[in-house]
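Hi,

Here is the structure I promised to send over. Have a look at it first, and then read on for what turned up.

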Amino acid sequence: MYKGCPGFTRRTLIVAATLAVGLAGLSNSARAADLLESVKARGTLRIALEGTYPPFNFRDSKTGQLAGYDVDVARLVCAKLGVKPEFVTTEWSAILAGLGAGKYDVIISQVGITPKREEAFDFSQPYTYSAPQLIVRKNDTANYASLADLKGHRLGVGQGSVFEQQARAAAGVEVKSYPSAPEYLQDLAVGRIDAALNDSLMVGYLLKTSKLPIRAGAHVGETTRMGIALRKGNPNLRAALDKALADARADGSLKAASTTWFGVDVSRAP
């Protein structure tokens, strides 16, 4: 007999414990697979975004409300799902960790779909296609045609972004990471860094709206796909997100959101 448990053998307890662990695992899987059901029951989809990344997601200076392409996409998706969006703003450096911890249901904030991220998270079909592009000072006469040309120079990137990963893979480049774009653009303007790397779609917007002495540099990478990130084990939610995006693409509303912010349809592969 196993001490402290009259009537049970040690083997019985081990089997019981093993079954309990297995049932707990099944319960967790069931809960994960039913996230769509929870979202429907709640009536809201909890959506994380940075909130400081124009023209994708930012606070409108006049209304104080969130605006941008990601926000429009989020509203379209929620309308297709029959729920309301519940936005949660968080710094980019912590946004994926927050998703993993269950602080929100999805991220709609230009999350690049990469093999490394796909190991930890699931993604919807892409809703944005773009390419990395350098930003340089207007008076800089250097010709940075690639990241290799920045060897021995300082390059600013968003902390935790795919651009940071790309920059750190370039030999000899001194990479400085920042919480958001305004910080590294200011450092670029005053000469603390020699160039910055960001999304080509954002570069065009920044040049149109910024008063800083900066200009567009070279495209330095292949086309990137951005999708809605969610925790693994939620096939129903993933399928619903894919259908919502497909429906929005089919009825033209996704294209309309894109042309509002960029003048072109960035929701389709070039």
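Before we get to the helices: contact here means heavy atoms within 4.5 Å. Also keep in mind that this is a predicted model.

With that in hand, take helix α8, residues 200-209: it lies across β9, β12 and β13 and runs at about 115° to β12. Those strands belong to an open sheet of five, ordered β11-β10-β12-β9-β13, with mixed pairing. At its edges sit β11 (174-178) and β13 (214-219), each pairing on one side only. From one strand to the next, the twist averages 35°. Helix α7 (residues 181-190) packs on this sheet too, touching β9, β10, β11, β12 and β13, and its direction makes about 150° with that of β12.

If you want to zoom in on one strand pair, try β9 (residues 132-137) and β13, which are antiparallel over four bridges. Val136 is the residue standing opposite Arg215 in β13.

There is another open sheet, made of three strands in the order β2-β3-β4, with antiparallel pairing. Its edge strands are β2 (52-53) and β4 (66-67). β3 (residues 57-59) and β4 pair over two bridges, and Phe58 has Ala67 in β4 as its bridge partner.

Now the charged side chains. The count comes to 10 salt bridges, and these are some to look at:

- Asp105 and Arg42: their closest N and O atoms are 2.8 Å apart. Asp105 is in the loop between α4 and β6, while Arg42 is in helix α2, 63 residues apart. Asp105 counts as buried because its relative accessibility is 0%, whereas Arg42, at 34%, counts as partly exposed. Arg46 comes in here as well, linked with Arg42 and Asp105 in a network of salt bridges.
- Arg238 and Asp122: the N to O distance is 3.6 Å. Arg238 lies in helix α9 (residues 235-250) and Asp122 in strand β7 (residues 121-123), so this salt bridge ties together parts that are 116 residues apart in sequence. Arg238 is partly exposed at 33% relative accessibility, and Asp122 is buried at 13%.
- Lys243 and Asp247: this salt bridge is 2.9 Å, N to O. Both residues lie in helix α9, four residues apart, about one turn of the helix. With 53% relative accessibility, Lys243 counts as exposed, while Asp247, at 29%, counts as partly exposed.

Cheers

How values were computed: Residues numbered from 1 in each chain as written. Predicted model: local features only at pLDDT ≥ 70, side-chain atom pairs only at ≥ 80, totals over all residues. Heavy atoms only, no water. Pairing = 2+ DSSP bridges. Axes fitted to C-alpha atoms, helices over the stretch in contact; angles between N-to-C directions. Salt bridge = Lys/Arg side-chain N within 4 Å of Asp/Glu carboxyl O. Buried < 20%, exposed > 50% of the residue type's maximum accessible area, 1.4 Å probe, protein only.
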